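Hi there,

Here is the structure I promised to send over. Have a look at it first, and then read on for my notes.

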Amino acid sequence: MSPIFYILAVLTLAGGLASVTLKHLVHCALAVTVAFAGLALLFLQLDAQFAGFAQILVYIGAVVILIVFAILLTRGSDLPKEGVFSKTWPVGLLIAAAVFAVLGWAVLQSVRAVPQQAAVPAVTVRDIGIALVGRYVLPLEIVALLLTAATIGAVIVAMHEKVRSR
């Protein structure tokens, strides 16, 4: 394994750990962004370009931005009064370790079921892109409309909540 892999792994784990332990929601969202970016870079290093670019576009470009906007629309931007770290960070760390252990066990169990010489698919990122704007353009547009409607609905709900609280 190359040193770049270890650097990216540490970056990803540090982002995930910070998102669990930090107290301010905006800082947690930014830490999740770092973790997602680390995962995307790991995918790109492993020559999984589609997974890496999908990670960047979907998670960093859409999910994290929506989380940040939702936090900024629904909560004040005041800093927490006491400490930066949450008081329940050991519980979050314990849950994260348990999930990591279960996922690790599942991966180790699945290694035995996978044949050693799997055929490498001949599908490229270009082929997937052509399929998305060709054969699957209607489902892609429907998903885009659904996400747009959900975003508009979230903004409307947040606006009504702010009006009620005044």
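Below is what turned up, going from the overall fold to one patch on the surface.

Please keep in mind that this is a predicted model. The protein chain holds six helices and zero strands, so if you read along the sequence you will find the pattern α-α-α-α-α-α. Of the 166 residues in the chain, 14% are buried.

Next, a helix pair. Two packed helices are described by the angle between their axes and the distance between the axes. For helix H2 (residues 25-45) and helix H3 (residues 49-74), the axes come within 8 Å and cross at roughly 175 degrees. Angles over 145 degrees count as roughly antiparallel, and H2 and H3 are therefore roughly antiparallel to each other. Sorted by class, the residues in the contact of H2 with H3 are 20 nonpolar and four polar, with no charged ones.

Now to the surface. Phe-50, Val-125, Leu-132, Val-133, Tyr-136 and Leu-140 together make a nonpolar patch of about 500 Å². Helix H5 (residues 125-133) gives the largest share of this patch, with three residues. Another member of the patch, Leu-140, sits in helix H6 (residues 137-165). Is Leu-140 buried, exposed or partly exposed? Its relative accessibility is 37%, and the class between 20% and 50% is partly exposed, so Leu-140 counts as partly exposed.

Happy browsing, and best wishes!

Definitions and conventions. Residues numbered from 1 in each chain as written. Predicted model: local features only at pLDDT ≥ 70, side-chain atom pairs only at ≥ 80, totals over all residues. Heavy atoms only, no water. Patch = residues over 30% accessible without salt bridge, like charges linked within 9 Å, V, L, I, M, F, W, Y side chains within 5 Å. Areas by Shrake-Rupley, 256 points an atom, 1.4 Å probe, with all protein chains shown as cover. Salt bridge = Lys/Arg side-chain N within 4 Å of Asp/Glu carboxyl O. Helix = DSSP H or I, 4+ residues; strand = E, 2+ residues; numbered from the N terminus. Buried < 20%, exposed > 50% of the residue type's maximum accessible area, 1.4 Å probe, protein only. Axes fitted to C-alpha atoms, helices over the stretch in contact; angles between N-to-C directions. Parallel < 35°, antiparallel > 145°, perpendicular 65-115°, else oblique. Nonpolar A, V, L, I, M, F, W, Y, C, P; charged D, E, K, R; others polar.
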